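User: I would like to learn how to read symmetry, cores and helix packing in a model. Please take me through an example.

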Number of protein chains: 2
Amino acid sequence: MTDHPTTPDAGSLDGIDEAVRAELTSLRESIDNIDAAVVHMLAERFKATQRVGRLKAEHKLPAADPARERDQIKRLRELAAGAHLDPVFAESFLNFIIAEVIRHHEKIASDTVTGQNEPV
Amino acid sequence: MTDHPTTPDAGSLDGIDEAVRAELTSLRESIDNIDAAVVHMLAERFKATQRVGRLKAEHKLPAADPARERDQIKRLRELAAGAHLDPVFAESFLNFIIAEVIRHHEKIASDTVTGQNEPV
């Protein structure tokens, strides 16, 4: 899996206190598990937005839905606050995802007559 | 919950074909569920990286670990490919998260003598 001499869990932790090393390794394993879960969640999310994009293009529905977008941002900020995550970060995270969705939809639009899509 | 006249699920879908509306609503509900899951995953991830930051600062461990970072990027790109998610997007997603982790660690560093941290 790796193309360099360190192992994924060890990194540059060689030679440090064993208890500290064990705790760092454990934390890194948790971070890696979470990243794997998020990557798979995002893959599923893009499947859903791709379907939305195709559906809207097929039925000539308006591309943007500002009310829906406001609801999403408001809801995500509230969820973030409840999870002790910075709501500003949650909003910029949603915007980051939206940028990728728009990139996907541009591909869909180039294959449809209407070119309409829903970014989020 | 909302501060405007539309409901979260309806948005601007009023007046369109009922079957299409139902499918869009269902897709939006899935997107909302996924977003909630991701927000909570990220909250947990930041808890772990905050602990890493504090541990490294306390034990005067080096801030950066390029080998660990290479492993993370490589692994995430492989996971993304397996989930039919663009590996380039997965890598830029990780970089987006890292930027926020660094911002968190700057706060931790300002409260420690060493100011050392681990970005990812």
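User: Which residue of chain B comes closest to the rotation axis?

Analyst: This is a predicted model, in which local features need pLDDT of at least 70, side-chain atom pairs count only at pLDDT 80 or more, and totals for chains, interfaces and linings use all residues. Residues are numbered from 1 along each chain as its sequence is written, chains are lettered from A and ligands numbered from 1 in the order written, and side-chain values use heavy atoms, without hydrogens and water. Val38(B) comes closest, its C-alpha lying 3.0 Å from the axis.

User: What turn and shift lay chain B on chain A?

Analyst: Copies are superposed by least squares on C-alpha atoms of residues with pLDDT of at least 70 in both. Here a turn of 180° and a shift of 0.0 Å along the axis give an RMSD of 0.0 Å. That is the relation of a two-fold axis.

User: Which residues have the most contacts inside the largest nonpolar core?

Analyst: In soluble globular proteins, nonpolar side chains tend to be buried together. A nonpolar core is a set of buried (under 20% relative accessible area, 1.4 Å probe, protein chains only) Ala, Val, Leu, Ile, Met, Phe, Trp, Tyr and Cys residues joined through side-chain atoms within 4.5 Å. The largest has 38 residues, and Leu42(A), Phe93(A), Leu42(B) and Phe93(B) have the most contacts inside it. Leaving out residues up to four places away in sequence, Leu42(A) touches (heavy atoms within 4.5 Å) Phe93(A), Ile97(A), Val38(B), Leu85(B), Phe89(B) and Phe93(B).

How values were computed: Buried < 20%, exposed > 50% of the residue type's maximum accessible area, 1.4 Å probe, protein only.
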